[in-house]
Structures are given as structure tokens and as C-alpha cells.
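Reader: I have a new model to look at. How should I read its main features?

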2 protein chains.
Amino acid sequence: MSDASKLNAVLDRIDADFDNSLERLFALLRIKSISADPAFAGDCKAAADHLAKDISSIGFAADVRPTRGHPAIVAKSNGGGARPRVLFYGHYDVQPVDPLDLWHRPPFEPVVTDHADGRKIIVARGAEDDKGQLMTFVEACRAWKHATGALPLDVTLLIEGEEEIGSKNFVPFLEENKHELAADYALVCDTGMWDPNTPAITTALRGLVYEEIKIKAASRDLHSGVFGGGAQNPIRVLTRILGGLFDDNNRITIPGFYDGVKDLPPDILAQWKKLNLSAETFLKPIGLSIPAGEKDRLLIEQISSRPTCDVNGIVGGYIGEGSKTVIPAQASAKVSFRLVEGQDPAKIRKAFRDYVSAQIPGDCKVEFGDHSSAPAIALDWNMKPLAAAKQALTDEWGREALLIGSGASIPIVADFKKTLGLDSLLVGFGLDDDNIHSPNEKYDLKSYHKGIRSWARILAALAELPR
Amino acid sequence: MSDASKLNAVLDRIDADFDNSLERLFALLRIKSISADPAFAGDCKAAADHLAKDISSIGFAADVRPTRGHPAIVAKSNGGGARPRVLFYGHYDVQPVDPLDLWHRPPFEPVVTDHADGRKIIVARGAEDDKGQLMTFVEACRAWKHATGALPLDVTLLIEGEEEIGSKNFVPFLEENKHELAADYALVCDTGMWDPNTPAITTALRGLVYEEIKIKAASRDLHSGVFGGGAQNPIRVLTRILGGLFDDNNRITIPGFYDGVKDLPPDILAQWKKLNLSAETFLKPIGLSIPAGEKDRLLIEQISSRPTCDVNGIVGGYIGEGSKTVIPAQASAKVSFRLVEGQDPAKIRKAFRDYVSAQIPGDCKVEFGDHSSAPAIALDWNMKPLAAAKQALTDEWGREALLIGSGASIPIVADFKKTLGLDSLLVGFGLDDDNIHSPNEKYDLKSYHKGIRSWARILAALAELPR
């Protein structure tokens with residue numbers, strides 16, 4: 001078979017086998033692999049075992065490997081060493097599902113249903129992030145193997161179980177296994193498209209610093225009638241600190257926060273202006289209308305090239321039904337920062353902690369917790385596989401694939417560079433309305449199907465590159 | 001028997017029967033009558049039934065009466081109409097028990113144990129507020145009946161089940177039954193002593209406005225990587241609003257908040273200065289050291305004669321273990337104000353809502369909930385029963401009883417005046433360290449024992465007053 005006819009056979013096989021591809025994804029989605037909650041540790045292990053068994057069935061030598069946290073999977077195709085080897089990365093762990101009462105269906109009982117606008121969608125926790133995405137690649141490999149007897153190049157699959165909690169135990173695992181994980185470059189499927197019809201390759205990612213702060217005041221909860229007015233209230237301290245994080249122009253007020261942040265090169269800014277991302281397009285579908293970022297920046301800058309701060313959670317005092325006149329002993333918040341090139345996570349963390357500590361009254365205490373820390377990443381826009389993948393995506397979708405920056409953070413990409421010396425090619429099929437990390441997470445059926453076909457084409461294109 | 005020997009017989013009976021008094025209190029404390037949580041409605045009914053049965057056993061005609069909420073108890077002694085009739089008020093409902101993990105023992109399994117400083121204490125939810133307090137009065141009546149065959153004056157017991165949730169259904173009940181509830185004045189046992197050895201009568205109470213605010217931004221939870229920087233975060237809006245409630249001098253910034261608030265009369269201020277309430281005395285036992293109220297006011301003013309604001313609860317986003325990079329769709333807070341004489345609850349509520357609404361971004365919404373509203377109360381320092389009760393308390397405790405203002409709110413006192421035309425005499429045996437509304441609520445065993453004896457004396461003293 002010619003290379004072209006091989007690829008056609010693979011694409012035909014993908015179409016013919018799609019119902020089974022879907023059923024295999026469903027089997028994975030049914031496993032409650034929530035990494036953040038220790039109660040689901042057994043489910044995380046079950047997901048790893050399930051995936052390793054499935055991957056073994058298509059000819060990979062697949063192992064479930066212990067880490068100091070949830071296990072990882074390493075699976076290698078039997079390459080001779082002459083062909084390029086790519087390291088594919090995905091994660092089987094998912095976000096918690098609360099608030100559960102906002103899900104229209106149980107989050108671990110996947111279904112295909114109709115979106116409000118008629119698109120067919122797969123609904124479940126992990127449908128997109130990242131089980132659906134990683135299965136696009138696994139299914140592409142399966143089709144290559146079935147239709148042609150072999151993969152067109154050598155592949156190492158590396159699938160972790162702690163991406164949603166900061167990969168703390170996975171990074172040491174990379175270091176300990178770096179020789180076995182050697183490859184020419186990495187493929188990562190955890191990003192999105194520009195819109196439902198336009199594929200994209202992500203070439204810049206924001207970094208992340210995620211802090212937890214707990215403010216402690218009195219040694220016990222107090223009655224606000226007896227102590228109100230005299231005793232400090234930690235919610236008052238906390239809201240004063242968090243409420244002061246932004247100025248009237250929506251700039252973050254932490255001293256030094258913007259140090260090192262560069263403006264976009266004029267040519268990129270001009271390109272982005274042409275994309276004309278409007279509040280109507282981006283915010284209206286989520287019920288908003290006013291861009292909330294720095295007032296002197298384009299919306300597309302606010303969400304992709306500018307650093308941000310969000311309070312991701314806050315709790316203190318009585319939060320049940322009705323009323324309770326309590327002054328709580330403590331209050332806490334989870335605060336995260338998306339970083340851009342030029343910002344040092346360690347410096348940002350210190351600047352935030354200094355900013356908070358300076359505002360703690362003399363008789364209160366603050367405790368900090370560190371949930372994750374990763375720098376922003378700018379990928380090499382000129383790496384050879386990028387052009388090949390861009391053409392493959394363009395062929396599949398019938399529209400030119402875009403090179404975009406993403407507001408999200410995929411810290412592992414920096415670790416691949418640092419630990420394994422690998423550049424990463426970031427291709428994914430998520431959409432802004434996928435509700436990842438939210439109730440009713442979904443993945444377009446079209447994303448899943450054409451995602452598999454896209455990877456089949458990309459593998460073929462990469463196989464043709466010189467090593 | 002002379003009046004003096006009758007009283008001595010009653011006091012002897014109280015001492016001899018105290019173990020049984022304690023066991024009767026324990027039986028009431030074991031009932032989980034949490035009025036705020038609908039799951040405990042059956043327990044509230046059980047507490048009312050239990051109390052009515054007990055009160056009937058000492059000669060009252062006691063009924064459990066339905067209201068639109070939890071039932072109330074009305075119990076009347078068989079007076080001839082010639083003697084004074086007092087209306088005694090208490091409540092059988094208790095606060096929720098969360099956070100449950102901070103209790104050293106299950107909250108509805110009362111015990112007598114040793115306080116850190118050696119005082120004997122009764123520990124349970126409701127031990128003080130208000131089951132322990134109301135039982136001091138019931139047990140005093142029981143002892144009078146047992147030792148002398150009759151009460152020294154006529155008594156109507158009125159015990160409600162919704163005090164902790166604002167008495168919304170109890171106030172209409174008062175109105176509907178006002179003829180039956182006619183009396184010369186009211187006795188209320190829901191306040192405290194000055195310190196563990198010094199009894200007090202409370203002659204001023206702060207009012208209460210308790211609001212809930214919910215801020216809604218996007219139509220669903222969002223991923224902070226995809227939307228962070230562009231989409232408004234309701235926690236950011238909420239913390240900015242709440243964080244701005246106080247200025248650098250700890251004054252509340254809501255426009256008009258202090259309108260109508262008067263300074264203390266110079267003679268009262270002079271008396272209060274002499275009491276010399278220090279941060280060391282008042283704040284150190286709860287682990288604090290810096291008075292948190294208006295900087296130009298005495299601590300005793302901050303906690304009793306000045307209006308205050310406390311955020312009693314706040315919640316938004318992810319509050320579980322670990323991290324989640326979510327921008328929540330909504331965030332909410334419970335905010336209460338203690339009011340003083342001269343402040344109109346309706347105006348304060350409106351001023352707060354205006355203050356909040358003015359700060360809501362154009363694409364967000366705010367919803368308000370009203371949990372309670374009551375004006376401050378200044379009682380008549382010259383009412384005749386007050387002098388009699390003060391002497392009775394002084395006789396029992398061996399120290400002159402003080403007339404004090406309380407920072408807490410007992411809205412029903414205003415309703416007694418307005419609906420029934422009754423002045424109230426507020427006597428109670430609580431202490432600042434009773435942990436009411438908190439984990440490990442307690443009531444000093446001495447408060448319970450001498451509280452019963454105090455009421456026995458007060459009833460005797462009131463009986464001697466001309467009608």
C-alpha cells in the first residue's frame with residue numbers, strides 16, 4: 001500500500017469502528033477517577049488498570065507504574081529505533097463533580113445527547129478533559145494498527161493521574177524514568193480548537209500559581225451579639241484583602257505583579273486584532289457581556305496573553321440554610337494566578353504572600369498552602385512537526401488550522417522541556433463551551449470523531465519528517 | 001408559714017432536688033431541636049411536647065400550639081386574677097451544631113464536666129441558650145409548688161421554637177393570642193451576668209438586621225484558564241463589596257449607617273469607664289488582643305452601645321480539599337448588623353442594599369434575602385419590678401446586681417411591648433465564655449443552680465409588689 005492509501009484505509013477504519021470507539025470512551029468515563037479526593041484513590045487505580053489493559057490490546061507494552069500519588073501508565077510501541085519516536089501525553093484523572101445538583105445527569109453515566117443548538121455531544125465528567133481527548137489519540141493508534149498492522153512511527157504513551165491536582169508526584173516520576181521516556185518530541189492532547197469548525201495548535205500557555213490562605217482570628221466561633229464590634233472577624237480581614245486585589249481599571253494591585261510582563265509584538269497584536277474576538281462572541285454564551293480584565297487591553301489579550309487572578313473558592317462562618325449570628329474563628333480562600341512569559345512563579349507567590357501578610361491584624365494569623373506553581377510557556381513556533389501537524393489538521397477540517405495562545409496552564413509542558421529536553425506539540429479538540437471543571441462537562445461528538453481522524457493524519461505526516 | 005420561711009423552704013427544696021433538676025434539663029438537651037434546619041422539624045415538635053408535659057406536671061394548664069412554623073407552648077397557672085400575672089418567655093429551639101468536628105463530645109449528649117479553670121459546667125447545644133436558662137425558671141416554679149403548694153403570683157409560660165431563626169411565625173402568634181397572653185409585665189431569661197460572680201439585669205438590647213446576598217455572574221461555572229481575565233468572578237465582586245464595609249478607623253462605610261445614633265449620656269459613659277473593661281479581660285480568653293471596633297470608642301461601647309456589622313458566613317466556588325481552577329457562577333454571604341437606639345431597621349436594610357447594588361457590575365445580578373429585622377430596645381430603668389429583682393439577685397449572689405446594656409438582640413422584647421403592651425425584665429445567667437452558637441456550648445453548673453434560686457427569690461419579691 002502507498003502511504004496515501006494506508007492513510008485512507010486508516011480513516012475508513014476509524015469511521016467504520018466509531019461506535020466501538022465511543023463505547024471504549026464510555027467505559028473509561030464510567031470510572032470515577034477524581035484525583036483531588038482521597039476517597040476516589042481506588043477509582044484512579046482502576047482507571048489506570050483499565051487503560052493499560054486496553055492499550056496493551058493494540059500492541060503496546062503497557063505498564064501501570066506506581067508514583068508517590070496516583071499511578072501513571074507507560075506504554076511503548078515496539079520501535080526499531082530508526083523511526084522518530086513521539087511521546088504522547090494525556091491524563092486519566094478528572095476534576096471533582098460538585099456542585100452535583102447542577103448536573104442534569106449523573107456525571108459518571110456518559111450519554112450522547114443533543115446540545116441546545118443541535119450538536120451531538122458526549123456528556124460526563126472527563127468527556128473532554130482529558131479522557132475524551134486522550135482517547136482520540138489511542139483510537140487513532142488502534143485504527144493504524146488494525147488497518148495497516150503497524151503504527152507509522154514509534155510511540156510512547158505516557159498517561160498520568162494527577163494533572164488536576166498539580167502533578168506533584170508525576171514530575172519526580174518523569175525525572176526517575178527519563179531515559180525510558182526519551183523521544184524526539186512530545187504530543188499533548190489537552191487543549192482546544194478556535195471554534196467548532198476551526199482546528200488550532202496551541203503555541204503559548206499561561207503559567208499557574210495556586211495558593212490557599214486561611215485566616216485565623218479568635219480561638220473559637222463567637223456569638224456576634226456578645227462579641228460583635230469588639231472581636232475581629234476573619235471574614236472581614238479576608239474580604240478586605242481579596243477585595244483590594246484589583247484597582248478600578250481591573251489591574252492587579254499586588255506590588256511587582258506585572259514586573260517582567262511584556263507587551264505583545266506589534267505583528268502578533270495586529271493578527272489578534274483581526275481575529276476580532278468580541279464580548280458578544282466570547283462572553284454572551286456564558287451569560288456575561290462586560291470584559292472583566294484590564295480595561296486598556298483587548299479581550300483576547302485579557303484571556304490569553306495577560307496575567308490574571310481569580311479567587312476560585314472562599315468559605316467561612318455559617319453557610320447552611322437560614323441564619324446564624326456567628327463570628328467564625330477562621331475563614332479561607334483559594335486564589336490562583338495565571339502567569340505569562342516573564343513572570344517567575346516563585347516571585348509571584350512571594351509577592352502575594354507579602355501582600356496578604358502585611359494586611360493581617362496583629363492578633364490574627366494567616367496560613368498559606370501551595371497547590372501548584374508553573375511558569376508560562378512559549379513554544380517554538382518554528383519547530384518542524386508544527387508545520388506538518390498544521391497541514392494535517394487543515395486537511396481534516398477543511399479550514400486552515402490556527403496557531404493560538406491559550407489562557408490555560410499545562411504545567412507538564414515545561415517539565416517535558418526541563419526534564420526530558422522535549423518540545424511539545426499541543427493539539428486538542430476542546431471547545432470553550434465544554435464545561436470542563438464544571439457541571440455537565442461535554443465533548444462534541446464531532447470533536448471526538450474528527451479528533452481521532454486528525455491524529456491519524458498527524459501521525460502519518462510526522463512519520464514522513466526526517467528524524 | 002411567713003413569706004420569709006416560705007422562701008427558705010423553696011430554696012431548701014431547690015438544693016435538695018438539684019440532681020433531679022439537672023436530669024430534667026438533660027432530658028430536654030437530648031432533643032435535637034434545631035429550628036434552622038427543616039430536617040429537625042420533628043425534633044422541635046418533640047421538644048415542645050416534652051416541655052408541655054413536664055410543665056403540666058407542676059400544675060400549669062399547658063398546651064402545645066401550632067404556628068405557621070415550629071409550635072409554641074402556652075402554659076398558665078390557675079390565678080384568681082387578684083395577684084400580679086407575669087409572662088415568662090423562653091425558647092426551646094437551638095442553633096445548628098456545625099462545625100461538628102470541633103465539638104469534643106456529641107452536642108446532644110449532655111454531661112457535667114470540668115472547665116479548664118475548675119468550674120463545673122454543663123456541655124451540650126442549648127445548655128445555656130436557651131434550654132438551660134428557661135429551665136432555671138421552670139425549676140423555680142416547680143420548687144415553689146412543691147414546697148408551698150402554690151406559686152406566689154400568677155404565671156403564664158410562653159415558650160417558642162423559632163427564636164434562633166427570627167421568630168417570624170411567632171410574632172403573628174402573639175398578635176392572634178394577645179388577650180390570652182395578657183399580663184402585668186414579661187420576664188425573659190435569655191441574657192447574661194456581668195461575670196461568673198456578679199449578676200446583672202439587661203436594660204438595653206441592640207437590634208438586628210440580618211441580610212443574605214447572592215451575586216450571580218456567568219450562567220455556569222467556568223474554567224479559570226479558558227475564561228480567567230475576561231469573565232467576571234462573583235467572588236471578586238462580593239469580596240470587593242464586603243471588603244469595603246469598614247474604613248481604616250473601623251467605621252462602617254455604608255452611607256447613612258450612623259444616622260440617628262446618639263452618644264452615651266455623660267453619666268452613663270462615666271459609669272462604663274469605671275467598669276474598666278479591658279482587652280485583656282474581654283478578648284484574651286478568646287485568643288484576641290486588639291479591639292476591632294471604632295477606634296475612638298471604648299471596648300464596652302464597641303460591644304454594647306455602638307452599631308456593628310459582621311459577615312456571619314461566606315461561600316463561593318470550590319471549598320473542598322485541594323484545588324480546582326474554577327470561576328464560580330455565584331457567591332453569597334450572610335451579613336448582619338447590630339443596631340442601637342435611633343437606627344431604623346428598614347432604613348439600614350435599604351442603605352445596605354443600595355450600597356451593594358451600586359457596586360454590582362452591569363452583567364451581574366444580586367439577590368437579597370431577609371433573615372431578620374428588629375430595632376434596638378432601651379428598657380425603662382425605672383420600672384418597679386426592676387428594683388425588686390435587682391435586690392433579689394443581690395441577695396442570692398452576695399454582690400450588687402448590675403444594670404447593663406447587651407450587644408445581643410432579643411427582638412421578641414420589642415414585640416412584647418408593641419403587641420402585648422408589656423415591659424420586659426431581662427434576667428439571665430449566661431457568661432461570655434458559654435460558646436453559645438458555637439461548638440462546645442456550656443452553662444456553668446453554678447449558673448443553673450443559683451439561677452433557679454435567683455428566680456425563686458425574684459418571684460417572691462415580685463409577689464410583694466402592689467399590682
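The dialogue below goes from the pairing of the chains to single elements.

Author: Keep one thing in mind: this is a predicted model. Start with symmetry. Two copies of a chain are related by a rotation about an axis and a shift along it.

Reader: What turn and what shift lay chain A on chain B?

Author: The turn is 180°, and the shift along the axis is 0.0 Å. The RMSD of that fit is 0.0 Å. The two copies are thus related as by a two-fold rotation axis.

Reader: Next, the interface. How many residues does each chain give to the contact?

Author: Chain A gives 85 residues and chain B gives 85 residues. Several elements of chain A contribute two or more residues to the side that touches chain B, among them α6 (224-227), α7, α10 (299-304), β11 and β13. The largest share, nine residues, comes from β11(A). By type, the residues on that side of chain A are 34 nonpolar, 36 polar and 15 charged.

Reader: Why do the copies meet through the same surface?

Author: Compare the two lists of interface residues. Of the interface residues of chain A, 100% are also interface residues in chain B, so the copies meet through the same surface.

Reader: Now the sheet. How do I read strand pairing?

Author: Strands of a sheet pair through backbone hydrogen bonds, either parallel or antiparallel. Here an open sheet of eight strands has antiparallel pairing. Its order is β14(A)-β9(A)-β13(A)-β11(A)-β11(B)-β13(B)-β9(B)-β14(B).

Reader: Which strands are the edge strands?

Author: They are β14 of chain A and β14 (365-374) of chain B, and each pairs on one side only. From one strand to the next, the twist averages 20°.

Reader: How many bridges join β11(A) to β11(B)?

Author: Five, and the two strands run antiparallel. As one example of register, Gly317(A) stands opposite Gly313(B) in β11(B). Within chain A, eight bridges join β11(A) to β13(A), again antiparallel. There Gly316(A) has Ala331(A) as its bridge partner. In chain B, eight bridges join β11(B) to β13(B), also antiparallel. Gly316(B) stands opposite Ala331(B).

Reader: Why is β11(A) described as largely enclosed?

Author: Count its buried residues. Ten of the ten are buried, so β11(A) is largely enclosed by the rest of the structure.

Reader: And helices? What should I know first?

Author: An α-helix has 3.6 residues a turn, so residues three or four places apart point the same way. Now take α7(A), residues 234-243. Nine of its ten residues are buried, so this helix is largely enclosed by the rest of the structure. The buried ones include Pro234(A), Ile235(A), Arg236(A) and Gly243(A).

Reader: What covers the buried residues of α7(A)?

Author: Both chains take part. The cover from chain A includes β9 (207-216), β11 (308-317), β13 (330-339) and α11 (345-357). The cover from chain B includes α7 (234-243) and β11 (308-317).

Reader: Across which strands does α11 of chain B lie?

Author: Helix α11 of chain B, residues 345-357, lies across β9, β13 and β14 of chain B. The helix runs at about 25° to β9(B).

Reader: One last residue. Is Arg68(A) buried or exposed?

Author: Use the neighbour count: 12 or fewer other C-beta atoms within 10 Å makes a residue exposed. Arg68(A) has 10, so this residue is exposed. Arg68(A) sits in the loop between β1 (61-65) and β2 (72-76) of chain A.

Reader: How far is the C-alpha atom of Arg68(A) from that of Ala392(A)?

Author: The separation is 38 Å, and the two residues are 324 residues apart along the chain.

How values were computed
Residues numbered from 1 in each chain as written. Chains lettered and ligands numbered in written order. Predicted model: local features only at pLDDT ≥ 70, side-chain atom pairs only at ≥ 80, totals over all residues. Buried ≥ 20, exposed ≤ 12 C-beta atoms within 10 Å, placed from the backbone. Helix = DSSP H or I, 4+ residues; strand = E, 2+ residues; numbered from the N terminus. Contact = placed C-beta atoms within 7 Å. Least-squares fit on C-alpha atoms with pLDDT ≥ 70 in both. Nonpolar A, V, L, I, M, F, W, Y, C, P; charged D, E, K, R; others polar. Pairing = 2+ DSSP bridges. Axes fitted to C-alpha atoms, helices over the stretch in contact; angles between N-to-C directions.
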